[in-house]
Structure formats: structure tokens, C-alpha cells
Amino acid sequence: MKLLVTGGAGFIGSNFIRHMLSAYPDYRIINLDKLTYAGNLENLQDIDKFPNYTFVKGDIGDSHIFDKMEIDAIVNFAAESHVDRSILDATPFLKTNVIGTYNLLETARQKACIFLHVSTDEVYGSIDRGFFNEDSRLLPNSPYAASKAASDMLVRSYVETHDVMAIITRCSNNYGPYQFPEKLFPLVILNALNRKPIPVYGDGMNVRDWIHVNDHCRALDAVLHKGRAGDVYNIGARCERTNIEAVRLLLKKTSEQLGIDEQELTGLITFVKDRPGHDKRYAIDPSMIEGNLKWQPEKDFDKGVSETVQWYLSNEKWWQRIVSGEYAEYYRTQYGESI
Ligand code: NAD
Ligand code: TDX
């Protein structure tokens with residue numbers, strides 16, 4: 001199979017490429033990535049010499065970039081992905097997540113190839129009780145979520161109008177290696193290592209549903225090979241935690257691995273002003289992918305968190321380069337000088 005992976009230099013895309021090259025050594029993969037602040041070729045250093053892997057620097061919004069590519073399937077990870085940045089400026093979110101997806105849909109239409117659109121549970125908005133299923137209404141609350149919901153709507157329209165063989169997946173919060181330090185898990189680990197305050201928004205009681213990135217990649221593999229065109233699949237590991245529970249677990253694991261007293265790190269927790277429009281709870285029902293595609297998450301949360309802490313401890317060179325670059329300026333804008 002000839003796969004075009006977009007956004008493959010980011011967190012989930014790079015883990016997906018690694019998974020696919022190991023599971024299907026005869027597949028050919030083109031990774032097209034714009035290399036925004038979140039794209040990092042160091043995420044793929046171990047595989048960039050594979051003969052059946054090619055990297056192309058480019059923007060999914062560029063309508064001619066795909067002309068000469070032979071493609072059986074597109075897996076679209078390319079996006080602006082951070083909610084807090086969409087609050088500061090939504091412009092790149094609309095350009096990439098909406099117009100960029102539209103351009104990819106036109107490409108899939110012309111090449112008559114499969115289009116797997118990697119979306120998010122955030123398009124459903126927040127739910128106090130119960131779970132979102134694939135038929136739940138889309139009620140996005142952040143500009144990021146709205147841009148992803150808009151892209152999902154476009155995908156649906158290309159299935160209905162142009163018979164594009166498109167499938168949408170909506171996954172819950174991912175964690176694992178190579179996640180950019182702006183997201184909660186790496187931010188907590190790195191601030192703990194540097195003994196910096198750990199900002200928890202509001203009262204810390206917002207709930208997120210966590211899945212290890214490898215389980216997400218295995219689910220995407222199942223959808224790509226066994227999913228039905230036109231369908232939507234929720235992906236989740238039934239692992240809800242309040243943010244403060246997740247932060248405390250991360251600090252427990254970090255202190256164990258550093259061999260220090262846990263209280264030295266829990267003392268860093270600092271409750272800060274809440275995120276505007278902060279969704280209270282995400283919780284999705286993954287029964288459809290479990291039943292129809294026989295997929296199940298494999299990674300135990302406690303073990304996955306330990307391994308993730310260990311990964312950041314062992315890969316200081318990777319994150320030092322990020323935190324000393326553009327990220328430092330974003331961090332100051334987001335948290336101010338005191339944090
Ligand atoms: P990320 O921010 O780590 O990576 C995004 C990648 O897309 C980067 O490599 C970036 O350079 C690239 N990119 C951005 N704009 C581009 C453009 N115009 N053209 C080409 N490449 C471009 O994001 P992530 O966390 O890996 O998320 C990947 C996808 O999964 C996103 O679509 C996101 O909405 C979705 N998702 C993420 C999560 C999560 O918890 N992180 C959960 C569910 C769904
Ligand atoms: O400093 C922080 N303090 C804090 O309390 C940060 C960065 C986050 N939080 C809270 C906000 C959320 O309730 O932690 C929770 C997780 O925050 P993020 O890591 O920013 O993720 P979230 O906003 O839930 O969105 C993520 O999951 C769905 C991804 O970033 C999206 O790309 C994905 O679609």
C-alpha cells in the first residue's frame with residue numbers, strides 16, 4: 001500500500017508512521033509535513049533512512065503538491081492541535097484544519113483514494129453524565145474544536161456528494177512519547193523536573209479520557225484496513241481522570257523515578273485562572289470500534305504513565321531543544337513570568 005501521512009512529524013503522526021513501518025514493512029509511506037512549531041523531524045530520527053519512507057516538507061493547503069504522488073490512502077494528522085493557542089489566535093486553525101482538509105479531500109477525490117481523517121472527541125463538546133457516541137451532536141466550544149468539527153462536516157459532505165471513500169475517527173486525549181511540551185502531561189513532567197510551578201486550570205476537576213498513543217495508532221491501523229467508508233469511529237480507552245488526579249499520578253511516578261519525596265513535587269501544583277470555554281468533561285463510548293473492528297486498548301494507564309515519565313527522563317536532549325526555542329515565548333505569553 002502507498003500511504004500519504006500528513007502531519008507525520010508531530011506527536012501522533014510520528015508514532016503512527018513508526019507503528020506502520022514496523023507492522024507492514026512493505027508499505028511505502030510519504031510523510032508530508034509543514035514543520036510548524038509542533039513538527040519535529042527528530043521524532044522520526046530512527047526511521048528516516050528506511051528505503052520505503054520519504055519525507056516531503058509542504059503544506060496540506062498547497063493544491064499542487066500532491067499532483068505527482070501515487071497514493072492509495074491518505075491519513076490526515078496535519079492540524080493546529082492546541083486549544084490554548086486557538087484562544088490566542090484562531091487564524092492558522094482555520095487555514096490548516098478547514099481549508100487544508102478541504103484541499104486533501106479534493107486530492108482524495110481526484111485520486112480516488114481512501115481518506116482517513118483523524119479527528120477528536122472535542123467536536124462533541126462537554127458532557128456532564130453518560131458518553132458520546134458517533135451520532136451525538138457536534139457542539140464544539142473552543143476555536144480549535146470548531147475548526148475540527150468544520151473539517152468533519154466537510155469530510156461528510158465529500159462522502160455524500162462526491163463518493164469519496166472517507167472515514168472519520170474521533171479519539172480522546174492521547175499521552176506518550178514525543179508529545180509537544182505545551183500539552184498537560186509533558187508540561188507537568190518537565191516542570192516537575194525543573195522544579196517549576198505546575199499550572200492547573202480552575203479547580204482541577206475537569207475530566208479527560210486518556211489513551212496511550214500506541215493504542216490510538218493501533219486503532220487507526222484497524223480503521224484503515226477494516227473500516228467502512230462513510231463511517232465515524234470513536235476511539236477511547238474508558239480511562240477518565242480529573243486533571244488533578246492525572247497530575248498527582250504524574251508527580252508520584254516522577255518522584256519515584258527521581259528517588260525523591262513526592263511532596264517536593266506536589267508542592268509545585270499551582271491553581272491558575274481557568275481556560276476560557278474550558279470543557280468540563282470528555283467521555284466517549286468506543287463500543288463501535290471494539291465490536292465491529294475487534295480493537296481493544298492494551299496499555300494499562302498506570303504503566304503507560306510510568307513509561308511516559310521514563311521516556312521524558314531519558315530524552316532530555318529532545319525536549320531541551322524545544323523548550324529553549326519558540327516555545328519559551330509561547331510559555332511566557334500563556335503563563336506569565338511567575339509560572
Ligand atoms: P501535533 O500538533 O503534535 O502535530 C501536528 C503536525 O501537523 C505537526 O507536525 C505540524 O508540523 C503539522 N502541520 C500543521 N499544519 C500543517 C499544514 N498546514 N500542512 C502540513 N502539516 C502541518 O498534533 P497531534 O497531537 O499529533 O495531533 C495530530 C492529529 O490528531 C490532529 O489532527 C489532532 O486534532 C488529532 N487529535 C489529537 C489528540 C491529542 O490528544 N493530541 C486527540 C485526538 C485527536
Ligand atoms: O497548563 C495546563 N493546565 C491545565 O490544567 C494545560 C496545558 C492544560 N490543563 C488542562 C486543560 C485540560 O482540561 O488539562 C487538560 C488537558 O489539556 P491539554 O493537554 O491542553 O489537552 P485538551 O485541551 O484536553 O486537548 C487535547 O485532547 C484532544 C489535545 O490537545 C487536542 O489536540 C485533542 O483533540
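What is the volume of the second largest pocket? About 340 Å³. One caution before I go on: this is a predicted model. I'll take that pocket, then the two ligands, then the cavity, then a few single residues.

So, the pocket. Its lining counts 17 residues. Those nearest the centre are Glu134, Arg156, Arg170, Gly230 and Val232. Which elements build the wall? Helix H4, residues 143-162, and strand S6, residues 166-171, each put in at least two residues. H4 has the largest share of that lining, with six residues. Sort the lining of the second largest pocket by class and you get nine nonpolar, one polar and seven charged residues.

Next, ligand 1. There are 28 residues around it. Ile12, Asp33, Ser81, Tyr144 and Lys148 come nearest. Look at the backbone here. A polar backbone atom of Gly10 is 3.0 Å from an oxygen atom of ligand 1. For Phe11, a polar backbone atom is 3.1 Å from an oxygen atom of ligand 1. Asn174 joins in too, with a backbone N or O atom 2.9 Å from a ligand 1 oxygen. How much of ligand 1 does the protein cover? On its own, ligand 1 has 840 Å² of accessible area, and the protein covers 96% of that.

Who supplies the shell around ligand 1? Helix H1 (11-23), strand S5 (114-120), H4 and strand S7 (173-175) each give at least two residues. S5 gives the most, with three residues. By class, this shell holds twelve nonpolar, twelve polar and four charged residues. Note that H4 turns up in this shell and also in the lining of the second largest pocket.

On to ligand 2. Here the shell has 21 residues, and Glu122, Tyr144, Arg275, His278 and Tyr335 come nearest. Tyr144 is on the nearest list for ligand 2 and on the one for ligand 1. Ser81 is worth a look as well. It is among the residues that come nearest to ligand 1, and a backbone N or O atom of Ser81 lies 2.8 Å from an oxygen atom of ligand 2. Now a side chain: a polar side-chain atom of Glu122 sits 2.5 Å from a ligand 2 oxygen. Leu184 uses its backbone, with a polar atom 2.9 Å from an oxygen atom of ligand 2. Taken alone, ligand 2 exposes 650 Å², and the protein buries 94% of that.

Three elements give two or more residues to the ligand 2 shell: helix H2 (83-88), helix H5 (184-193) and strand S8 (198-201). S8 gives the most, three residues. The classes in this shell run to nine nonpolar, six polar and six charged residues.

Stay with H5 for a moment. How many of its ten residues are buried? Nine, and the helix is mostly covered. The buried set runs through Phe185, Pro186, Leu187, Val188, Ile189, Leu190, Asn191, Ala192 and Leu193. After H5 comes Arg195, with a positive phi near 50 degrees.

Now the cavity. Rolling a probe the size of a water molecule over the atoms shows where empty space is left. How many cavities of 30 Å³ or more does a search of the whole structure find? One. The largest cavity has a volume of about 50 Å³. Its lining is Val83, Glu122, Ser142, Arg208, Arg275, Gly277, His278, Asp279 and Tyr282. By class, that makes two nonpolar, three polar and four charged residues. Glu122, Arg275 and His278 line this cavity, and they are also among the residues that come nearest to ligand 2.

One cavity residue in detail: Ser142. It sits in the loop between S5 and H4. Is Ser142 buried or exposed? Its relative accessible area is 8%, so it counts as buried. The Ser142 side chain reaches the backbone nitrogen of Ala145 at 2.9 Å.

Last, a residue of the opposite kind, Arg228. You'll find it in the loop between helix H6 (213-226) and strand S10 (232-235). Arg228 counts as exposed because its relative accessibility is 57%. Its C-alpha atom is 33 Å from that of Val305, and the two residues are 77 apart along the chain.

That's my tour. Questions, please.

Terms used:
Residues are numbered from 1 along each chain as its sequence is written. Chains are lettered from A and ligands numbered from 1 in the order in which they are written. This is a predicted model: local features need pLDDT of at least 70, side-chain atom pairs count only at pLDDT 80 or more; totals for chains, interfaces and linings use all residues. Side-chain values use heavy atoms; hydrogens and water are left out. A residue is near a molecule or strand if one of its heavy atoms lies within 4 Å of it. A polar contact is a pair of N or O atoms within 3.5 Å; within protein, one must be able to donate a hydrogen and the other to accept it, and residues adjacent in sequence count only if both atoms are side-chain atoms. Accessible areas come from the Shrake-Rupley method with a 1.4 Å probe; for residues, only the protein chains shown count as cover. Helices (H or I, at least four residues) and strands (E, at least two) are DSSP runs, numbered from the N terminus. Ala, Val, Leu, Ile, Met, Phe, Trp, Tyr, Cys and Pro count as nonpolar, Asp, Glu, Lys and Arg as charged, and the others, Gly among them, as polar. On a 1 Å grid over the protein atoms alone, a cavity is a set of points where a 1.4 Å probe fits but cannot get out, and a pocket is an open set with protein on both sides within 12 Å along at least five of seven lines; lining residues have an atom within 4 Å of a point. Grid points are joined across faces, edges and corners, and a volume is the space filled by probe spheres set on the points. Buried means under 20% relative accessible area, exposed over 50%, partly exposed in between (1.4 Å probe, protein chains only).
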